[in-house]
Each structure stands twice: as structure tokens, then as C-alpha cells.
Number of protein chains: 2
Amino acid sequence: MTAFQDEYPEKFSHCFGCGKSHPSGLHLKSDWDFKGDPADTLVLVTPPEVYSGGVPGHVYGGMIAALFDCHGTASAAAFACRAEGRNIGDWNLPGSALPPVRYVTASLTVDFLRPTPQHVELQIRARLTRIEGRKVELEMTLMADDALCAKARMLAVRFKEHGETQKSA
Amino acid sequence: MTAFQDEYPEKFSHCFGCGKSHPSGLHLKSDWDFKGDPADTLVLVTPPEVYSGGVPGHVYGGMIAALFDCHGTASAAAFACRAEGRNIGDWNLPGSALPPVRYVTASLTVDFLRPTPQHVELQIRARLTRIEGRKVELEMTLMADDALCAKARMLAVRFKEHGETQKSA
């Protein structure tokens, strides 16, 4: 499968968390949650050991927020495409004249419920809760093994088609 | 000056963002905002270039959340000590029997207002908005040059004195 982030236009692909063109980033690969509820999205990631929390053996809070942020904006684009009857990435098909769909975070709230362990593959899921105009709202969860460690809510806003004129990036 | 994070007990000092014992972390150094409003706290940081956003030249959203998270919990501890007529770090004074004061994030909301530029020293400030029992609420801003790029709200919760029994870390 091609991940959502693999479809981003090159100029938006340099994010440390999820950009395919970043030389040493996390390269998050978000997709539909085919084995769970395919209406949701999923990313699997084991954060590098360097991103430890205050107490060794836990992931630091900033990394948890980062995972939600990158997975959330990718999911927002996928949800918006689905709502329009499009497939994310259709703009990359040969001969396509469709504009790319990219979202940026307007607001992200993370609730930290328990420590997130290191050396465990984390599962981050997103669910669409509202879509209206250029705004997408979604809810996310972060699971480690069978434990819910954190949850999040995001308001994401769509880049205008000529994204260079947008304030957010 | 000794930064707030320099006073953390060793067992809580391994955070990538702010732990003094982390071998390669950001080593954030939060303090009172002596040159501004000394009731507030301030940290100055220029994030490493590797933490770029999707569009090169900007800081990625996850790093912005991380800076708020680390500065916020350090500030919560400082605000709590001040409210009790203590100095943060008094537990490290020779002969002190005072317990360390450490806070963890329960909830963090980040509002992204405009892209945050790389290669600029960022100023992150925190202001106490409410303190009650083990809870501290605070508001934060992130400035780059003279531009307000992001703001945040945090609910932080105090570690119990025998922190090992707490769920959050």
C-alpha cells in the first residue's frame, strides 16, 4: 500500500514526523484501518529510544503530541477525499488535473492518560467527527499493547489550492 | 541561574525535551521571565534544524507541542512552589527534608496560529491561570521575533510525594 503521506506533493514532504523526503525523520505511514474499522485510519510506529520521557522507559510527551499531529493531518486529508468521493492521492495519477488535498493543524488537544512505554509498537487511530467547508475535526487514540495511553482531538484546516498564500504550514 | 529543570530529581531527569541527564536532548532551561513580567516563566530555544515541518524552513508541529509540554510542566512546578512560599529546588538544599515538586501533563491544547520559522530563537512563556489542590492550569505563548506563532493551555497534575505509585510519568 501507498501511505497517505507518500501522496503529499514534494513541497510538503519535508516534515520530521511524516515527510517522505525528510532524510532522517520518523516517516510515519498512515493508512485506513483495514483490519479494524476501515472507516478509521491507523498508523503503527515504535518511536526511537532517544525520545525518552523524564522517567526512562517511557516516551516523552512531545513525541506523543507529534505522532497525533502528523497522523491527524494526514487523516484529515484522507477523510476529506473520501467525503468528496475521491481517493487520496488521485492527484498523482497520470493525466490528473485534480488539486492536491493537504491539511494543517489549527488546534490539537492531547489528554495524557498513562505513561506510554518505549520499545513497543504504538497504534494511533483517527476517526472523523465533523467535516464542514475547509474544516475537519477528528478524534484520535494511542494504544500500547492493549492499553489506552493517550487520546487527542484535532481541528485541521485545508490548504487553499494555491497553498503558498496560506498562513499555516 | 539554575533552571527549573536543573532541580529535578535524577530519576525524573531523562526527558528528551528537558532532562538534564539526557545525553542528546534539547535540555530546555526554563526560568522566571526576569526581563519581562517576572510573574511569568520563559524558555528560549532554537530547535535543531532536523525538526523541520512539511515545508522546509518551518518547525514541525510536534516540536512546538513538545516545547510547550516541557516548559509547561516545569513552570507548573515553579508556580506551585511560589504559591506555597517555597523556592523551586529547595529540596536540593543541604539538609533539606522538603519533598521534590514535579508535575506531569494531564491535558495540553496547542493552537497553531502561523508557521514557526527555523533558525530563530523562540520565546515560550507561561502564565499561571489557576491552582487548586494538585492541579495547575497555565497558558503559554510561543513567539518568533515579534510574531505570536502558537499558544497553548495546559492542565498539569502534581506527582504524589511517592511518585512511583502514580500512573502518569
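How many bridges pair strand E2 (residues 41–45) of chain B with strand E4 (residues 122–132) of chain B, and in which sense, parallel or antiparallel? In this predicted model, the two strands pair over five bridges, in the antiparallel sense. One of the contacts along that pairing puts B:Val45 with B:Leu122, its bridge partner in E4(B). On to the next strand: E4(B) is joined to strand E5 (residues 135–144) of chain B by ten bridges, again running antiparallel. Here B:Arg125 sits opposite B:Thr141 of E5(B). The link between E4(B) and E5(B) is a hairpin with two residues between the strands, and B:Gly133 in the turn shows a positive phi of about 60°.

Zooming out, these strands belong to an open sheet of twelve strands with antiparallel pairing, drawn from both chains. Reading across, the order goes E1(A)-E2(A)-E4(A)-E5(A)-E6(A)-E3(A), then E3(B)-E6(B)-E5(B)-E4(B)-E2(B)-E1(B). Strand E1 (31–32) of chain A and strand E1 (31–32) of chain B stand at the edges; each has a single partner strand, so one side of each is left without a neighbour in the sheet. Further in, nine bridges hold E3(A) to strand E6 (residues 147–158) of chain A, running antiparallel, with A:Leu108 placed opposite A:Met154 in E6(A).

Where the chains meet, E3(A) and strand E3 (residues 103–112) of chain B pair in the antiparallel sense, over five bridges. A:Val110 faces B:Leu108 of E3(B) in this pairing. Overall, the contact takes 38 residues from chain A and 38 residues from chain B. On the side of chain A that touches chain B, the elements giving two or more residues are helix H1 (61–83) and strand E3 (103–112) of chain A. E3(A) supplies the largest share, eight residues. By type, that side of chain A splits into 17 nonpolar, 16 polar and five charged residues.

As for symmetry, a turn of 180° with a shift of 0.0 Å along the axis lays chain A on chain B with an RMSD of 0.0 Å. The two copies are thus related as by a two-fold rotation axis. The same surface serves both of them, as 100% of the contact residues of chain A recur in chain B. Of the residues of chain A, A:Thr109 comes closest to the rotation axis, with its C-alpha at 2.0 Å.

Then there are the helices. H1(A) packs on the sheet, touching E2, E3, E4, E5 and E6 of chain A plus E3 of chain B, and its direction makes about 130° with that of E3(A). Helix H1 (residues 61–83) of chain B, for its part, lies across E2, E3, E4, E5 and E6 of chain B together with E3 of chain A, at about 130° to E3(B). The largest nonpolar core has 96 residues, and A:Leu67 and B:Leu67 have the most contacts inside it. Apart from its neighbours within four places in sequence, B:Leu67 is in contact with B:Val45, B:Leu122, B:Ile124 and B:Leu142.

Another residue to look at is A:Thr73, found in helix H1 of chain A. A:Thr73 counts as buried because it has 31 C-beta neighbours inside 10 Å. Not counting residues up to four places away in sequence, A:Thr73 touches A:Tyr103, A:Val104, A:Thr105 and A:Ala156. A:Asp111, by contrast, is 38 residues from A:Thr73 in sequence and 18 Å from it in space, C-alpha to C-alpha.

Terms used
Residues numbered from 1 in each chain as written. Chains lettered and ligands numbered in written order. Predicted model: local features only at pLDDT ≥ 70, side-chain atom pairs only at ≥ 80, totals over all residues. Least-squares fit on C-alpha atoms with pLDDT ≥ 70 in both. Contact = placed C-beta atoms within 7 Å. Pairing = 2+ DSSP bridges. Helix = DSSP H or I, 4+ residues; strand = E, 2+ residues; numbered from the N terminus. Nonpolar A, V, L, I, M, F, W, Y, C, P; charged D, E, K, R; others polar. Core = buried A, V, L, I, M, F, W, Y, C linked by C-beta atoms within 7 Å. Buried ≥ 20, exposed ≤ 12 C-beta atoms within 10 Å, placed from the backbone. Axes fitted to C-alpha atoms, helices over the stretch in contact; angles between N-to-C directions.
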